[in-house]
Amino acid sequence: MSLEKTLVILKPSAVQRGLIGEILHRFERKGLRLAGIKMMQLDDKILNEHYAHLAGKPFFQRIKDSMMASPVIACCYEGVDAVQVVRSMTGATNGRLAVPGTIRGDYSVSAQENIVHTSDSPENAKEELARFFSPEEIFDYRQSTLPYLNYADEYQ
Ligand code: ADP
């Protein structure tokens, strides 16, 4: 168990379909602490870094175009084991295969237009947060509900 921060990006598919509020609501209800949030227009440079692991794929340019189609909402969430918690809430990459109850399972029918990006490991979360947020954009306030979300041993 460890207190972690993770990156969530609400993709153009979420912004255009009017799902911003619903998705943020899910993370709020779960009990994650919102540590940073902003609207951004992504560009080729940041996407080449962000999706470097997909550079050889035939759909590489297409997913970059899809991520630049409108501004996105970038969020930093914090919680105990937040990377795994958020990944579980995200569901499988292909929205048609993602289990109902997950974000992609509930809102996506596509492998590409799949509503959210979420970090897939603690190492990648650190790297991605540094890519999308400057240190002043991450707020370390104390969540007053913390004692009702976790017992003290879980987050200390
Ligand atoms: P995830 O977003 O689940 O971590 P990846 O890192 O493998 O998955 O892929 C990054 C993004 O690239 C996916 O979220 C999706 O938008 C897009 N993508 C992945 N695989 C495909 C595919 N086969 N066809 C089209 N787009 C894809």
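**Ligand contacts and a salt bridge in a predicted model**

Modeller: In this predicted model, the side chain of K11 places an N or O atom 2.9 Å from an oxygen atom of the ligand.

Colleague: What makes that pair of atoms in K11 and the ligand a polar contact?

Modeller: The pair counts because a polar contact requires N or O atoms within 3.5 Å, and the value for K11 is 2.9 Å. By that cut-off, the side chains of T93, at 2.6 Å from a ligand oxygen, and of R87, at 3.1 Å from a ligand oxygen, also make polar contacts with the ligand. Taken alone, the ligand exposes 530 Å², of which the protein buries 79%.

Colleague: Which residues are the closest to the ligand, and how does the shell around the ligand divide by residue class?

Modeller: The ligand is surrounded by 13 residues, the closest being K11, H53, T93, R104 and N114, and the shell divides into five nonpolar, four polar and four charged residues. As for its location, the ligand sits in the largest pocket.

Colleague: Why is the pair of E78 and K5 called a salt bridge?

Modeller: The closest N and O atoms of E78 and K5 are 3.1 Å apart, and the name applies because a side-chain nitrogen of Lys within 4 Å of a carboxyl oxygen of Glu is what the term demands. The pair links distant parts of the chain, since E78 belongs to strand β3 (residues 72–80) and K5 to strand β1 (residues 3–10), 73 residues apart.

Colleague: How many salt bridges does the structure hold?

Modeller: The structure holds 10 salt bridges.

Methods. Residues numbered from 1 in each chain as written. Predicted model: local features only at pLDDT ≥ 70, side-chain atom pairs only at ≥ 80, totals over all residues. Heavy atoms only, no water. Near = heavy atom within 4 Å. Polar contact = N/O pair within 3.5 Å; in protein donor to acceptor, adjacent residues only side chain to side chain. Areas by Shrake-Rupley, 256 points an atom, 1.4 Å probe, with all protein chains shown as cover. 1 Å grid on protein atoms, 1.4 Å probe; cavity = no way out; pocket = protein on both sides within 12 Å on 5 of 7 lines; lining within 4 Å. Sits in = over half its atoms within 2 Å of the grid points. Nonpolar A, V, L, I, M, F, W, Y, C, P; charged D, E, K, R; others polar. Helix = DSSP H or I, 4+ residues; strand = E, 2+ residues; numbered from the N terminus.
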